[in-house]
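Student: I should like a close look at a single part of this model. Please describe that part and then what surrounds it, with the cut-offs behind each term.

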Number of protein chains: 4
Amino acid sequence: MKVLVDIAIEPLGTSSTSISKYIRKVLEILDKKGIKYYPAPSMTTIELDDLTQLGYLLKEINDELEKMGVKRVVTLLKIDDRRDKENSIDHKLEVIKK
Amino acid sequence: MKVLVDIAIEPLGTSSTSISKYIRKVLEILDKKGIKYYPAPSMTTIELDDLTQLGYLLKEINDELEKMGVKRVVTLLKIDDRRDKENSIDHKLEVIKK
Amino acid sequence: MKVLVDIAIEPLGTSSTSISKYIRKVLEILDKKGIKYYPAPSMTTIELDDLTQLGYLLKEINDELEKMGVKRVVTLLKIDDRRDKENSIDHKLEVIKK
Amino acid sequence: MKVLVDIAIEPLGTSSTSISKYIRKVLEILDKKGIKYYPAPSMTTIELDDLTQLGYLLKEINDELEKMGVKRVVTLLKIDDRRDKENSIDHKLEVIKK
């Protein structure tokens, strides 16, 4: 069953308060890997087929950010793992609109 | 300056795994108070004019959820308080698309 | 009834990856205001008498951090608002040890 | 380099507002796997040798909670991945006390 994960990255110790270039890099990685996502102003929701993928994805993101000069990243995640019903970005968007 | 706040509520001890009716109640409160928001699958981003409003809003939300029978709510917040530049939902959506 | 709030601050755009001096400032503010807290490696749990206090506390923290040169702060909060039973730091530490 | 991860689980749709038995199960899993942790009132900080382990650990936790009857778990994580300096629970506790 799909697992939904909200991700936000906070790069620390960069000298600029702007972090949008790092967020665009994350979206680029998601695109490349074919992971479905829904970008929101402060978080991005992704759909994973299996929770075991998560650590590899996060490591790849942080490795790429390190190449851009980021020496410390705090990542916030909210994972929604539902075992009784299929979960999806589309379904969640629909039910809150009813 | 505006402060952006991501909110997600997790009502505990309700007997159903579905929480969409509680999320719709939160959106109804935001509508009634005229607070600008951007709903996403798992979080809602709101724009506050002043951070001091936040506690009152959260108390109102939890009081309304209690009237719906919820005895315990865990709320997740990510607050983005930027002092060097105007911050807004629209601006944040724009920069990640570039 | 008491409300428990976990707080973590992530100052963005400072040139150093170390953020401990900002965390010590937060603890200093909590001490000065007589707010009970439990410091952990990455989050601090505080006890509030009333959720409406929260916005004022967060604003004071961010104002102090701004005086230290921080132009953007991302704050993570997890709020536990329980209406059926008294909640406290001591109680929560006890039940997880049983 | 070690990665520090704060974890909090919020089981949804259980009929009780108390979640301590689920938290004790998580600590039991961490003990069994020999993962170093620091329990706090609302979050547990763990030390991982490699971020790629994270997904497997989270899947194991949610599988065990499902066996206890939990059909939906929301998990909150804050990951601190520092590439410039060794990171550890002990180090972080020390620097906030100075």
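Tutor: In this predicted model, helix α2 (residues 53–67) of chain A lies across β1 (3–12), β3 and β4 (72–82) of chain A together with β4 (72–82) of chain D, and runs at about 160° to β4(A). Helix α2 (residues 53–67) of chain D also packs on the sheet, where it touches β4 of chain A together with β1 (3–12), β3 (44–48) and β4 of chain D; its direction makes about 160° with that of β4(D). Contact here means heavy atoms within 4.5 Å. The axes are lines fitted to C-alpha atoms, for helices over the stretch in contact, with angles from 0 to 180 degrees between N-to-C directions. Helices (H or I, at least four residues) and strands (E, at least two) are DSSP runs numbered from the N terminus.

Residues are numbered from 1 along each chain as its sequence is written, while chains are lettered from A and ligands numbered from 1 in the order in which they are written. Local features need pLDDT of at least 70, side-chain atom pairs count only at pLDDT 80 or more, and totals for chains, interfaces and linings use all residues; side-chain values use heavy atoms, with hydrogens and water left out.

The sheet beneath these helices is open and has eight strands in the order β2(A)-β3(A)-β1(A)-β4(A)-β4(D)-β1(D)-β3(D)-β2(D), with antiparallel pairing. Two strands pair if DSSP finds at least two bridges between them. At the edges stand β2 (37–39) of chain A together with β2 (37–39) of chain D, each with a single partner strand, so one side of each is left without a neighbour in the sheet. From one strand to the next the twist averages 20°. Within chain A, three bridges pair β2(A) with strand β3 (residues 44–48) in the antiparallel sense, and A:P39 stands opposite A:T44 in β3(A).

A turn of 180° and a shift of 0.0 Å along the axis lay chain A on chain D with an RMSD of 0.0 Å. That is the relation of a two-fold axis. The same surface serves both copies, as 100% of the contact residues of chain A recur in chain D. The superposition is by least squares on the C-alpha atoms of residues with pLDDT of at least 70 in both copies.

Chains B and C also form an open sheet of eight strands, in the order β2(B)-β3(B)-β1(B)-β4(B)-β4(C)-β1(C)-β3(C)-β2(C). Eleven bridges join the antiparallel strands β4 (residues 72–82) of chain B and β4 (residues 72–82) of chain C; B:T75 has C:I79 as its bridge partner.

Chain B and chain C bury about 2500 Å² between them, 54% of it on carbon and sulfur atoms; this is the accessible area (1.4 Å probe) lost on putting the two parts together, summed over both. B:R72, B:I79 and B:R83 supply 25% of the area that chain B buries against chain C, more than any other three residues. Six salt bridges are counted between chain B and chain C, each a side-chain nitrogen of Lys or Arg within 4 Å of a carboxyl oxygen of Asp or Glu. One of them links C:D80 with B:R72, the closest N and O atoms being 2.7 Å apart. On the side of chain B that touches chain C, α2 and β4 of chain B each supply at least two residues, and β4(B) gives the most, with eleven residues.
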